[in-house]
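Hi there,

Here is the structure I promised to pass on. Have a look at it first, and then read on for what I found in it.

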Amino acid sequence: MALKTATSGMWMTDDCKRSFMEMKWKKVHRYVVYKLEEKSQKVTVDKVGAAGESYDDLAASLPQDDCRYAVFDFDYVTVDNCRMSKIFFITWSPEASRLREKMMYATSKSGLRRVLDGVHYELQATDPTEMGFDKIQDRAK
């Protein structure tokens, strides 16, 4: 059963939430990339990163001319030597993408964000420097 995002009329497939929950609770994924399918009016899973993949793998998987959403599970160790994990929601909207696509992603973001319960931080990026690993580290501290 698909869930409908309230603001845009987009439907989110069951696989979207399932993949997120597997990342959040079971730690079988490091990241999940979501794509809007304009013709079918659905949000679908575009790519799933294995637990051993890195943030650089996520950044490399994002297209240069298409928008995407992504969630990334960032594991780190605090100064007190405690293991922590924070989930980032990333809106990727590169300059080379179409204006219509940018608008669709902007209007669908809040609906998807509400369904993905447990996200700690959000990032919005139009080029790779805006979502560098240093930005993730700074936000998590």
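What radius of gyration would a compact globule of 141 residues have, and what does the chain have? For that number of residues a compact globule would be near 14 Å, and the chain has 15 Å, so the two agree. Please keep in mind that this is a predicted model.

**The chain as a whole**

The C-alpha atoms fill a box of roughly 50 × 35 × 25 Å along the principal axes. Four helices and seven strands make up the secondary structure, and from start to end they follow the order β-β-α-β-β-α-β-β-α-β-α. Of the 141 residues, 41% are buried. If you take the contacts between residues at least 6 apart in sequence, 59% of them join residues at least 24 apart.

On the outside, the accessible surface comes to about 7,600 Å², and carbon and sulfur atoms account for 52% of that. As for charge, there are 23 positive and 22 negative side chains, with the centres of the two sets 6 Å apart.

**Following the strands**

A good place to start is strand 3, residues 29-37. Seven of its nine residues are buried, so strand 3 is largely enclosed by the rest of the structure. One of its partners is strand 4 (residues 42-50), which pairs with strand 3 in the antiparallel sense over eight bridges. Within that pairing, Tyr34 has Val45 of strand 4 as its bridge partner. These two strands form a hairpin with four residues between them, where Gln41 takes a positive phi near 60°.

Strand 3 also pairs with strand 5, again in the antiparallel sense, here over four bridges. If you want a residue pair to click on, Val32 is bridged to Val71 in strand 5.

From strand 5 (residues 68-77) you can step on to strand 6: the two are antiparallel and share ten bridges. Tyr69 is matched with Thr91 of strand 6 in this pairing. Strands 5 and 6 form a hairpin too, with five residues between them.

Is strand 6 mostly covered or mostly open? Strand 6 (residues 83-92) is mostly covered, with seven of its ten residues buried. Strand 6 is also joined to strand 7 (residues 121-125), by five bridges, and these two run parallel. Thr91 appears again here, as its bridge partner in strand 7 is Gln124. Thr91 is therefore a handy residue to select on screen, bridged to Tyr69 and to Gln124. 

**Two residues with a positive phi**

Lys27 is not a glycine, yet has a positive phi of about 60°. Lys27 sits in the loop that runs from helix 1 (14-26) to strand 3. How exposed is Lys27? With a relative accessible area of 37%, Lys27 is partly exposed, as that class lies between the 20% and 50% cut-offs.

Asn81 is likewise not a glycine and has a positive phi, of about 65°. You will find Asn81 in the loop between strand 5 and strand 6. Its relative accessible area is 63%, so Asn81 counts as exposed.

**Helix 4**

Two residues in helix 4 are worth a look. Asp134 is in this helix, which spans residues 133-140, and is partly exposed at 43% relative accessibility. Asp134 is 16 residues from Gly118 in sequence, and their C-alpha atoms are 22 Å apart in space.

Arg139 is found in helix 4 as well, and its relative accessible area of 35% makes Arg139 partly exposed. How far apart in space are Arg139 and Leu123? They are 9.5 Å apart, C-alpha to C-alpha, with their positions 16 residues apart in sequence. Which residues does Arg139 contact, leaving aside its neighbours within four places in sequence? The contacts are with Phe88, Tyr121, Glu122 and Leu123. Phe88 falls within strand 6 (residues 83-92), while Tyr121, Glu122 and Leu123 fall within strand 7 (residues 121-125).

I hope this helps you find your way around. Happy browsing!

Best wishes

Technical notes. Residues are numbered from 1 along each chain as its sequence is written. This is a predicted model: local features need pLDDT of at least 70, side-chain atom pairs count only at pLDDT 80 or more; totals for chains, interfaces and linings use all residues. Side-chain values use heavy atoms; hydrogens and water are left out. The radius of gyration is taken over C-alpha atoms; the globule rule is 2.2 Å times the number of residues to the power 0.38. Buried means under 20% relative accessible area, exposed over 50%, partly exposed in between (1.4 Å probe, protein chains only). Contact means heavy atoms within 4.5 Å. Accessible areas come from the Shrake-Rupley method with a 1.4 Å probe; for residues, only the protein chains shown count as cover. Lys and Arg count as positive and Asp and Glu as negative; His and the chain ends are not counted. The place of a charge is taken as NZ of Lys, CZ of Arg, CG of Asp or CD of Glu. Two strands pair if DSSP finds at least two bridges between them.
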